[in-house]
Amino acid sequence: MDTEALRSFVRAAELGRISHAADELGVTQQAVSKRIAALERELEVRLFTRTARGVELTLDGQAFLPHARSVVVAAERAVTAVRPGSRALRIDVLGLRSAQAVVLHEYWRSRPGTGLDVVTLRVDDPRVAAAAVAAGDVDASFRTVTSPDALPDDVRMIHAFDSPLELLVGPRHPLASASSLTPPQLRKHRIWVPGIAPRSEWSEFYDQLADAFDLRVDAAGPHFGDEVLLDTLADSADVATLVGARDRYIWPAGHDLRRIPVVDPVLAYPLSLLVPGTNPHPGLRGVIAHLGSLPKLPGTVWRPSWATAPRHDGDSAGH
């Protein structure tokens, strides 16, 4: 089986677009499409369906992805074993506009030339991401396994940083003119967070947040993407959502959306980093040191019950 075809399939699945996979692999979009088509013919199944937003895995594609990824990783390890130097550090993030990706980009800019491969595993259950770290599919993952007993024996979880939440609203929302808000001021307002996945860490986070402050968190409906969410906020006088202060959102100027900090207490989404318990990638030490240098949140901070006290265990990347 052609390993380049497998690599093209894996990157297209992780990035969600054939064009993005082609750019990353340094080949044409047509070349990636031909490789995937040849792979589908060999397997006699369809691996992707095309959508307006790119490509999505079929059920067969979902079943094939972890095995294909393992073959690609094994091939990369075989090459690394006989090539001077080491491969780039591969870290999983929830999305390329997420706070984790922003922080990693800051780290990379501070160390030009650092080999860094930022990927998205496109899974909701953090235990699946932990298994990917244990298997060596990725070197680390910005996920939180809220029950320590569910962590694989050879994976460690360390606190990465706290992401303060902001309320995102359109110009006609009753809270749009506020310079800051407290959690009690959010009560009775609809906070729409569509597509909260069961068994995900953010599902548990929003459950605890709603209970702690008597908030109306509405997860109704599928998540059709950030563009649809932003369009809805711009047109609505009563819908709001919560976003991380470092998360990147881009909208047309006419939307006139407002990002309003939540204070007294600051609502913190605690982000963790899953790393191997033994033989971590040597590049992890620098990343963890960078995370430890990030400024701490000021004032009173609310965190969910499963969040550990902020700490950065530099030794976890050195043993």
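The legends below accompany an overall view and several close-up views of a predicted model.

**Figure 1. Overall view of the predicted protein model, with its ten helices and twelve strands.** The radius of gyration of the protein is 21 Å, close to the 20 Å that the globule rule gives for 319 residues, so the protein is as compact as a globular protein of that length. Measured out along the principal axes, the C-alpha trace spans about 60 × 45 × 35 Å. Of the 319 residues, 46% are buried, and the accessible surface comes to about 15500 Å², with 51% of that surface belonging to carbon and sulfur atoms. When contacts between residues at least 6 apart in sequence are considered, 75% of them join residues at least 24 apart. The protein carries 35 positive and 39 negative charges, and the mean positions of these two sets are 4 Å apart.

**Figure 2. Close-up of Arg143, in the loop between strand E5 (140-141) and strand E6 (155-169).** Arg143 has a relative accessible area of 2%, which is under the 20% cut-off, and therefore counts as buried. A polar atom of the Arg143 side chain lies 2.7 Å from the backbone oxygen of Val123.

**Figure 3. Close-up of Arg122, in the loop between strand E4 (116-119) and helix H6 (126-135).** Although Arg122 is not a glycine, its phi is positive, at about 60°.

**Figure 4. Close-up of Lys188, in the loop between helix H7 (183-186) and strand E7 (190-192).** Lys188 is a residue other than glycine with a positive phi, the value being near 75°. The relative accessibility of Lys188 is 79%, and because this is over 50%, the residue counts as exposed.

**Figure 5. Close-up of Pro194, in the loop between strand E7 (190-192) and helix H8 (201-213).** The relative accessibility of Pro194 is 10%, so this proline counts as buried. Leaving aside residues up to four places away in sequence, Pro194 touches Asp218, Ala219, Ala220, Gly221, Pro222, His223 and Leu229; one of these, Asp218, belongs to strand E8 (216-218). Arg46 is 148 residues from Pro194 along the chain, and the C-alpha atoms of these two residues are separated by 29 Å.

**Figure 6. Close-up of Asp214, in the loop between helix H8 (201-213) and strand E8 (216-218).** With a relative accessibility of 57%, Asp214 counts as exposed, because the cut-off for that class is over 50%. Arg187 is 27 residues from Asp214 along the chain, and in the predicted model the C-alpha atoms of Asp214 and Arg187 are separated by 6.4 Å.

**Figure 7. Close-up of the cis peptide bond from Asp264 to Pro265.** The omega angle of this bond is near 0°. Pro265 itself is placed in the loop between strand E10 (258-261) and strand E11 (266-276).

Technical notes:
Residues are numbered from 1 along each chain as its sequence is written. This is a predicted model: local features need pLDDT of at least 70, side-chain atom pairs count only at pLDDT 80 or more; totals for chains, interfaces and linings use all residues. Side-chain values use heavy atoms; hydrogens and water are left out. Helices (H or I, at least four residues) and strands (E, at least two) are DSSP runs, numbered from the N terminus. The radius of gyration is taken over C-alpha atoms; the globule rule is 2.2 Å times the number of residues to the power 0.38. Buried means under 20% relative accessible area, exposed over 50%, partly exposed in between (1.4 Å probe, protein chains only). Contact means heavy atoms within 4.5 Å. Accessible areas come from the Shrake-Rupley method with a 1.4 Å probe; for residues, only the protein chains shown count as cover. Lys and Arg count as positive and Asp and Glu as negative; His and the chain ends are not counted. The place of a charge is taken as NZ of Lys, CZ of Arg, CG of Asp or CD of Glu. A polar contact is a pair of N or O atoms within 3.5 Å; within protein, one must be able to donate a hydrogen and the other to accept it, and residues adjacent in sequence count only if both atoms are side-chain atoms.
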